[in-house]
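Got the viewer open? Let's take a short walk through this one, one selection at a time.

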There are 2 protein chains.
Amino acid sequence: MTSKQEFIEKLRNSNLRPTKQRINICEVLFNRDKTFHFTINDLFNLIKDKTGEKVSLATVYNTVHAFHKKGYLKEIPINSNQTYFDTNVTDHHHFFDVKEEKLIDLKNEDVGPIEIQKSIPGKKIKSVEVLVKLED
Amino acid sequence: MTSKQEFIEKLRNSNLRPTKQRINICEVLFNRDKTFHFTINDLFNLIKDKTGEKVSLATVYNTVHAFHKKGYLKEIPINSNQTYFDTNVTDHHHFFDVKEEKLIDLKNEDVGPIEIQKSIPGKKIKSVEVLVKLED
DNA sequence: TCGTTGTTTATAATTATTCTAAAGAAGATT
DNA sequence: AATCTTCTTTAGAATAATTATAAACAACGA
Ligand SMILES: [Mn+2]
Ligand SMILES: [Mn+2]
Ligand SMILES: [Zn+2]
Ligand SMILES: [Zn+2]
């Protein structure tokens, strides 16, 4: 249970003004036990449901991108018509249930360390992500 | 160097009529030494350039999806506004050069075997893909 | 309180992809 | 070869996710 005050501070520390809309989005995104995987559309609908207040779609996009840029959200590479985001910003891997269109976290020990043996001159590794697709 | 005849046979064997357009697309896609990573738009432009003949964008989409369904192309999960495809349909992993927006194949021995230690009841693993993002 | 700057919003624009339906080409049948 | 059927191509319209615009609004500092 994170308090509204903490969200306000977090926003201030990030040079984002703590508006009503952003605080509501924080409640929906970060006030939970487990990691949360979502699309913009999921989030848009949840805000109305959970807070009772409507936030415009444009603001949801703006805020998600602001949080993404600040490192509070992670973008998950999937081929879907919608982009997926994740509140778990640590390096970790995923199951993707293709039928349910649902992401599930994998612990690093569920996959084991991945050592990339190849390198490209002038480039360095930014991230290593494993995506395990599941079917019935 | 694959001959036109071989493409025609391949198409016939797949219950796809060997039209001028599909043969041209085959030339562009499969008449090469190295694996080829592309977006629909890349391909659309290359067809005109390499064969001198124009194929409608709708046909490029249709054909790529037909080939994908037949297993002649692989879809690569990346967060990009465009979908990436790959002529290398074996199980393999990728570098993605974020700046250049370019995919590079990783050999399986460059990554090593990946053992997934977790399972979801009622689901089985369809694919395991590693995406290594590169930055400067 | 006032002025400045950042934010929200409705709406329009953009863009990748899919749909539609008519014209054309391939393959089979005579 | 002429005809028939089925599949394919195509231009253009439709769809849908995302981004841009610009006016109204809210937060902040003075
Ligand atoms: Mn996750
Ligand atoms: Mn590849
Ligand atoms: Zn983002
Ligand atoms: Zn496809």
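Start in chain B with the donor residues of the manganese ion (ligand 2), which follow the spacing H-x48-D-x5-H-x1-H-x10-D along the sequence. Keep in mind as you click around that this is a predicted model.

Now put names on that pattern. Show His37(B), Asp86(B), His92(B), His94(B) and Asp105(B) as sticks: these coordinate the manganese ion (ligand 2) at 1.8 to 2.2 Å. The histidines reach the ion through NE2, while the aspartates use OD. Switch on a surface for a moment and look for two of the donors, Asp86(B) and His92(B): both are buried.

Next, hop over to chain A and switch to cartoon. Find the open sheet of three strands, ordered β1-β3-β2, with antiparallel pairing. Its edges are β1 (37–39) and β2 (74–76) of chain A, each pairing on one side only. Look at the sheet from the side: on average, neighbouring strands are turned by 40° against each other, ignoring direction.

Zoom in on β1(A) and β3 (residues 84–86) of chain A. Three bridges hold this antiparallel pair in register on your screen; to pick one out, select Thr39(A), whose bridge partner in β3(A) is Tyr84(A).

Stay with the sheet and add two helices:

- Helix α3 (residues 40–51) of chain A lies across β1 and β3 of chain A, at about 95° to β1(A).
- Helix α4 (residues 57–70) of chain A lies across β1, β2 and β3 of chain A, and runs at about 50° to β3(A).

Keep α4(A) highlighted, then turn on DNA strand D. Which helices each supply at least two residues of the surface near the strand? They are α4 of chain A, plus α2 (20–30) and α4 (57–70) of chain B. The largest share comes from α4(B), with three residues.

Widen the selection and you'll pick up 19 residues around DNA strand D, the closest being Tyr61(A), Thr83(A), Thr19(B), Gln21(B) and Arg22(B). Colour the DNA by part, too: of the strand D atoms within 4 Å of the protein, 79% belong to sugar or phosphate, and the rest to bases.

Last stop: the phosphate oxygens of DNA strand D. Try these distances in turn:

- Thr83(A): a polar side-chain atom lies 2.8 Å from a phosphate oxygen.
- Arg22(B): an N or O atom of the side chain is 2.6 Å from a phosphate oxygen.
- Ser56(B): here a polar backbone atom sits 3.0 Å from a phosphate oxygen.

Technical notes:
Residues numbered from 1 in each chain as written. Chains lettered and ligands numbered in written order. Predicted model: local features only at pLDDT ≥ 70, side-chain atom pairs only at ≥ 80, totals over all residues. Heavy atoms only, no water. Donors = N, O, S within 2.8 Å, 3.2 Å for Na, K, Ca; no water. Buried < 20%, exposed > 50% of the residue type's maximum accessible area, 1.4 Å probe, protein only. Pairing = 2+ DSSP bridges. Helix = DSSP H or I, 4+ residues; strand = E, 2+ residues; numbered from the N terminus. Axes fitted to C-alpha atoms, helices over the stretch in contact; angles between N-to-C directions. Contact = heavy atoms within 4.5 Å. Near = heavy atom within 4 Å. Polar contact = N/O pair within 3.5 Å; in protein donor to acceptor, adjacent residues only side chain to side chain.
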